[in-house]
Amino acid sequence: IVSAAILIQNFRDNYFEYGATIQGVNCSSLTVEEASQRIEKEINEKTVTIQFANNAYTVDYSMFEFQVTTPQELEEILAKEYQSNSKEYTLMNSTTISPEKLHGWLETIPDLKEENMVFPQDAFIRWDGNQFSIIPEVVGSWYDFEEVYQILLDELSSGLPENIVLEPLSDYLEVTANSLSSQLEELERTLSTVIHYQLSDGTVYTLDREIMKQWVSKDEDGNYQIDITSYLSEFIGQLDKMVENANQELSFHPTGLENVVNVPIVDTPPSSSINQEEEIARVTGAL
């Protein structure tokens with residue numbers, strides 16, 4: 001019994017228990033050195049897919065010379081494994097790949113060459129002379145070489161990933177389509193407003209999109225606006241002239257005659273003009 005206990009203890013001191021996996025590799029009944037060799041061998045036979053915005057590349061870990069650099073963590077796992085409820089372990093600080101191999105491989109990747117990248121572009125509002133629309137942002141396919149290098153060095157050094165997705169830089173994007181939606185709604189709401197003026201002679205004077213689209217301009221920041229302040233006074237001035245002209249004659253259809261008769265009004269009534277200042281304020285509020 002004593003000799004059996006000694007053999008069991010000797011096994012526990014020197015060999016990983018049955019079912020123990022390290023870095024996803026089965027290390028059952030292996031010594032630290034054997035486990036280190038098997039982990040290196042099996043991971044170097046694995047592949048990893050690295051996904052850029054437009055292309056994906058599948059390569060062997062052996063391309064980057066994955067290795068276990070020190071037995072210390074393996075020895076710590078061996079010493080404590082029979083006190084653990086788990087049989088799955090991960091080496092955190094004792095695996096790596098060749099920085100030089102990774103850097104050299106990245107230098108061959110077309111997606112990291114500046115001439116093949118698309119720089120992010122902000123969304124913007126377009127005016128075609130009749131209506132507004134939003135041109136969405138372009139995320140593009142712009143990468144920082146050194147940032148990609150560091151991400152892959154960190155992730156591949158563990159030997160665990162089977163797929164790595166590299167997101168393009170979007171830090172340069174300041175304006176998105178969503179952020180412009182309220183501005184677009186406001187512009188369209190103003191342009192869609194229709195105001196009809198019925199004059200005393202039956203003439204209808206209308207403020208609508210056909211007039212207001214001439215009021216569209218860009219401010220210093222490149223944002224579109226409908227310049228009500230600059231153009232409305234001219235519109236109301238024209239309205240005032242039409243009101244005055246409409247009140248210069250009285251039009252009616254005399255009994256027994258076929259044609260309409262226009263009779264000049266000698267004394268123009270007070271209502272022959274409008275309060276332009278008040279009307280500008282009223283229309284501005286409506287718009």
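Tutor: Helices and strands are runs assigned by DSSP, with at least four residues for a helix and at least two for a strand, and they are numbered from the N terminus. The protein shown above, which is a predicted model, has nine helices and 16 strands.

Student: How many residues does the protein have, and what percentage of them is buried?

Tutor: The protein has 287 residues, and 35% of these are buried. A residue counts as buried when its relative accessible area is under 20%.

Student: Which residue may serve as an example of a buried position, and where is it found?

Tutor: Consider Phe66, which lies in the loop between strand 4 and strand 5. Its relative accessibility is 2%, so Phe66 is classed as buried. One may then ask what surrounds such a residue. Beyond its neighbours within four places in sequence, Phe66 touches several residues, including Ile39, Ile43, Tyr61, Ile97 and Leu156. Ile43 is 23 residues from Phe66 along the chain, yet their C-alpha atoms are separated by 7.2 Å.

Student: What can be said of Leu191 in helix 6: is it buried or exposed?

Tutor: Leu191 belongs to helix 6, which covers residues 177–191. With a relative accessibility of 1%, Leu191 is buried. If neighbours within four places in sequence are set aside, its contacts are Trp127, Phe132, Asp208, Arg209, Met212, Lys213 and Ile226. In addition, Leu191 and Asn130 stand 61 residues apart in sequence, with a C-alpha to C-alpha distance of 9.5 Å.

Student: What share of the contacts in the protein joins residues at least 24 apart?

Tutor: Among contacts between residues at least 6 apart in sequence, the share is 62%.

Student: How should I read a sheet, and in what order do strands 4, 3 and 10 stand?

Tutor: One begins with the order of the strands and the sense of their pairing. Here three strands form an open sheet in the order 4-3-10, and its pairing is mixed. Strand 4 (56–60) and strand 10 (163–165) are the edge strands, each pairing on one side only. From one strand to the next, the twist averages 20°. Strand 3, residues 47–51, pairs with strand 10 in the parallel sense over three bridges. At one position, Thr49 has Asn163 of strand 10 as its bridge partner.

Student: Which strands stand at the edges of the open sheet with the order 2-1-6?

Tutor: This sheet of three strands also has mixed pairing. Strand 2 and strand 6 (88–89) are at its edges; each has a single partner strand, so one side of each lacks a neighbour in the sheet. Strand 1 pairs with strand 2 in the antiparallel sense over two bridges, and Thr21 stands opposite Asn26 in strand 2.

Student: How does one describe the packing of two helices, and what is the angle between helix 4 and helix 5?

Tutor: One gives the angle and the distance between the axes, and then the residues that meet. Helix 4 (residues 99–106) packs against helix 5 (residues 145–156) at about 135°, and their axes are 10 Å apart. Helix 4 is therefore oblique to helix 5. The contact involves Pro99, Leu102, His103, Trp105 and Leu106 from helix 4, and residues of helix 5 that include Phe145, Tyr149 and Leu152. By class, this contact has 10 nonpolar, one polar and one charged residues. Helix 4 passes helix 5 in a right-handed crossing.

Student: How do helix 8 and helix 9 pack?

Tutor: Helix 8 (residues 228–246) and helix 9 (residues 276–286) pack at about 125°, with their axes 10 Å apart. Helix 8 is therefore oblique to helix 9. The crossing of helix 8 past helix 9 is right-handed. Ile228, Leu232, Ser233, Ile236, Gly237 and Asp240 of helix 8 meet Gln276, Glu279, Ile280, Val283 and Thr284 of helix 9. These residues divide into five nonpolar, four polar and two charged.

Student: What is the sign of phi in most residues other than glycine?

Tutor: In most such residues phi is negative. Gln23, however, has a positive phi, near 60°. Gln23 lies in the loop between strand 1 (21–22) and strand 2 (25–26), and it is buried, with a relative accessible area of 3%. Glu65 also has a positive phi, of about 55°, although it is not a glycine. Glu65 is placed in the loop between strand 4 and strand 5 (67–68), and at 40% relative accessibility Glu65 is partly exposed.

How values were computed. Residues are numbered from 1 along each chain as its sequence is written. This is a predicted model: local features need pLDDT of at least 70, side-chain atom pairs count only at pLDDT 80 or more; totals for chains, interfaces and linings use all residues. Side-chain values use heavy atoms; hydrogens and water are left out. Buried means under 20% relative accessible area, exposed over 50%, partly exposed in between (1.4 Å probe, protein chains only). Contact means heavy atoms within 4.5 Å. Two strands pair if DSSP finds at least two bridges between them. Axes are lines fitted to C-alpha atoms, for helices over the stretch in contact, and angles run from 0 to 180 degrees between N-to-C directions. Angles under 35 degrees count as roughly parallel, over 145 as roughly antiparallel, 65 to 115 as roughly perpendicular and the rest as oblique. A crossing is left-handed if the near helix is turned anticlockwise from the far one by less than a right angle, and right-handed if clockwise. Ala, Val, Leu, Ile, Met, Phe, Trp, Tyr, Cys and Pro count as nonpolar, Asp, Glu, Lys and Arg as charged, and the others, Gly among them, as polar.
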